[in-house]
Amino acid sequence: MAASLYSRDVSSVAQSNELFGSEKGLLVIRPGRSIRPWFTIPEGGYALVTRFGQDLPYEDDRPVWPAGFYWGMPWMKVQNFVTRQSVVLDMPIKGCKTHDNVTVEINLSIVFRLMGDEAKGEDPLLVRKFVYTVTPRGLEQQLRDACEEATRSVARSLQFNEVYGLRTDRSGKQTKILKGEGDSAAPPEEIEEGDKELRAVAGPSDDDQAASALMKGKNVADDMRRNLNDQFKPQGVEVSDVIITDVLLPEVIVQQMAQKTMVISQNAAQKMNQEYEMLTLKQTEEVETLRQKKKEERESEKQSGDMAVNEVQVQLDKMKTETKVLLAKIKQESRVRVQEITANGNLEVTKLHQSKEQVLTELNSKATSDAETLKAQTDLYEATKLSEAKLTASRNDALAMEHMAKAEGVAAPYVEARKQFETREKEMLVWKSLAKNKELVISGEASDELNTLMLCDAMMDAKANEATKAQVLAEMLVMQRGSKVMLNLSGQEAA
């Protein structure tokens, strides 16, 4: 909601929609112009274009240019851009005197829009008239003057306790009277209880007074809207709604009305308490009477119930006796039936066993005969096949021996040469390994003693003063051969 109406300069016409949405009281903007050879007009407003400061009409001498893109020199620009949206202007009117000289404050909200839309059949010249003649500040002052005059006149015709009937809610609808549930919502038997004089209220009720106030202020907002439209439509302004948002009475008057309401409520509460006490006493007596009556009815029902229980018990005992007799009879019949079924079952089992033995014997005899027949046929077939196989094997063995003999006769010289070659090759490997052994001693003599001495000499090739295991073995070998040559192992002279 806007507290005032105004216009302003902006750098570009592209800011118009954003400014109209954020600044509620902005009606006209005067955009700047760049040096580009073109300009644009956005949606959402009436555009007045000038050239060198003089109004430039659109086609057919229409003063308002539609939205779009246009070519033009820098001296051709949008001089004024007027909003199309509805504007809400808050207007508190203070110091209004009622018919009984009580000063009240009435808050109004005026919803209006600027005319000039050709699609609605309005004259576009009204836009130019508003910009150059009326102006936003002038419109605000005229609206305030007209609304103050109408509001003060209405307030003067009402009492201070009737001005609340002027209020409407934010949507412009008349305020409704809130009523609680009274005697009309209670059951008829509750309305007849208690003292009617205690529930009676002297004078008109609060609901009646509120309804009377609403009837007096019912058409005030509509009348003000019609009067404002008669005054401002020729100037290009249409008032769509007048909302009386609040009515403020002096604090003293408000406290007095609240105290009056409290006194009325206290009196009503006292009356209701008295009526409640009377109803409580009456209900207590009725409850005691009803309790005694129910107690007597319960005793009577208890006696009747005991008699009915006795009758049912006699019938139950009789039914139990009859049931026992019937149960014994059923058990006897069941035993006889079970024995009969058992005997018949045993007989059938015996018959089945006999039939089974007979069938098994027949099947066994037939199977044995078939097995013997199959065995004889199998033996005959086996002997025949074995004979044929042995004959074939003997022929094949003879043929194989014949071929092997021929093959050995042909390959014997080659096989002998190969065996000699392999033997010589293995001997060469042996001589090669012997050649690599540094501890090997080769002798060309056949004398055992000389060979023994040469072996011992090789074994004792190490230092003479060190008695090694090889030297000891050499000494033992010489002694075994019976040689008279003694080896000095310790390097000392014999004693």
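**Figure 1. Nine aromatic pairs are present in the structure.** The model is predicted. The rings of Phe52 and Trp75 are stacked, because their planes meet at 10° with the centres 5.4 Å apart. This pair joins distant parts of the chain. Phe52 sits in the loop between β4 and β5, and Trp75 in the loop between β6 and β7. In sequence, the two are 23 residues apart. Trp75 is partly exposed, at a relative accessible area of 42%. Trp65 and Tyr70 form an edge-to-face pair, since their planes lie at 75°. Their ring centres are 5.2 Å apart. Both Trp65 and Tyr70 are buried. Ring pairs also tie Phe39, Tyr58, Trp65 and Tyr70 into a cluster.

**Figure 2. Phe52 and Asp61 are loop residues with positive phi.** For Phe52, phi is near 55°. Phe52 belongs to the loop between β4 (45-51) and β5. This residue is exposed, with a relative accessible area of 66%. Asp61 also has a positive phi, of about 55°. Its loop runs between β5 and β6 (68-71). Asp61 is exposed as well, at 64% relative accessible area. Neither Phe52 nor Asp61 is a glycine. Most residues other than glycine have a negative phi.

**Figure 3. Five strands make an open sheet of mixed pairing.** The strand order is β1-β2-β7-β4-β5. β1 (6-10) and β5 are the edge strands. Each has a single partner strand, so one of its sides lacks a neighbour in the sheet. β1 pairs with strand β2 (residues 26-31) in the parallel sense. Five bridges make up this pairing. One of the residues to look for is Asp9, whose bridge partner in β2 is Arg30.

**Figure 4. Gln54 lies in strand β5 (residues 54-55).** Gln54 counts as exposed, because its relative accessibility is 58%. The C-alpha atom of Gln54 is 9.4 Å from that of Gln79. Along the chain, Gln54 and Gln79 are 25 residues apart.

**Figure 5. Thr83 is a buried residue of strand β7 (residues 76-83).** Its relative accessible area is 1%, and the cut-off for buried is under 20%, so Thr83 counts as buried. The Thr83 side chain reaches the backbone nitrogen of Gln85 at 3.2 Å. Leaving aside residues up to four places away in sequence, Thr83 touches Phe20, Leu26, Leu27, Gly44, Gly45, Tyr46 and Leu114.

**Figure 6. Strand β9 (residues 103-114) is largely enclosed by the rest of the structure.** This follows because 11 of its 12 residues are buried. Strand β8 (residues 87-97) runs antiparallel to β9, joined by nine bridges. Across this pairing, Val88 has Val111 of β9 as its bridge partner. β8 and β9 form a hairpin with five residues between them. In the turn, Asn101 has a positive phi of about 60°. Strand β10 (residues 237-248) is also antiparallel to β9, and 10 bridges join the two. Here Glu105 stands opposite Leu248 of β10.

**Figure 7. Helix α3 (residues 136-156) has the length expected from its residue count.** At 1.5 Å a residue, its 21 residues should span 30 Å, and the end C-alpha atoms are 30 Å apart, so the two values agree. The buried residues of α3 include Pro136, Leu139, Glu140, Leu143, Arg144, Ala146 and Cys147. Thr151, Val154 and Ala155 are also among them. An α-helix has 3.6 residues a turn, so residues three or four places apart point the same way.

**Figure 8. The whole chain holds 10 helices and 10 strands.** Of its 495 residues, 22% count as buried. The chain exposes about 35,600 Å². Carbon and sulfur atoms supply 55% of that area. Among contacts between residues at least 6 apart in sequence, 68% join residues at least 24 apart.

Methods:
Residues numbered from 1 in each chain as written. Predicted model: local features only at pLDDT ≥ 70, side-chain atom pairs only at ≥ 80, totals over all residues. Heavy atoms only, no water. Helix = DSSP H or I, 4+ residues; strand = E, 2+ residues; numbered from the N terminus. Buried < 20%, exposed > 50% of the residue type's maximum accessible area, 1.4 Å probe, protein only. Polar contact = N/O pair within 3.5 Å; in protein donor to acceptor, adjacent residues only side chain to side chain. Contact = heavy atoms within 4.5 Å. Areas by Shrake-Rupley, 256 points an atom, 1.4 Å probe, with all protein chains shown as cover. Pairing = 2+ DSSP bridges. Expected span 1.5 Å × (residues − 1). Phe/Tyr/Trp six-rings, centres within 6.5 Å; stacked < 30°, edge-to-face > 60°.
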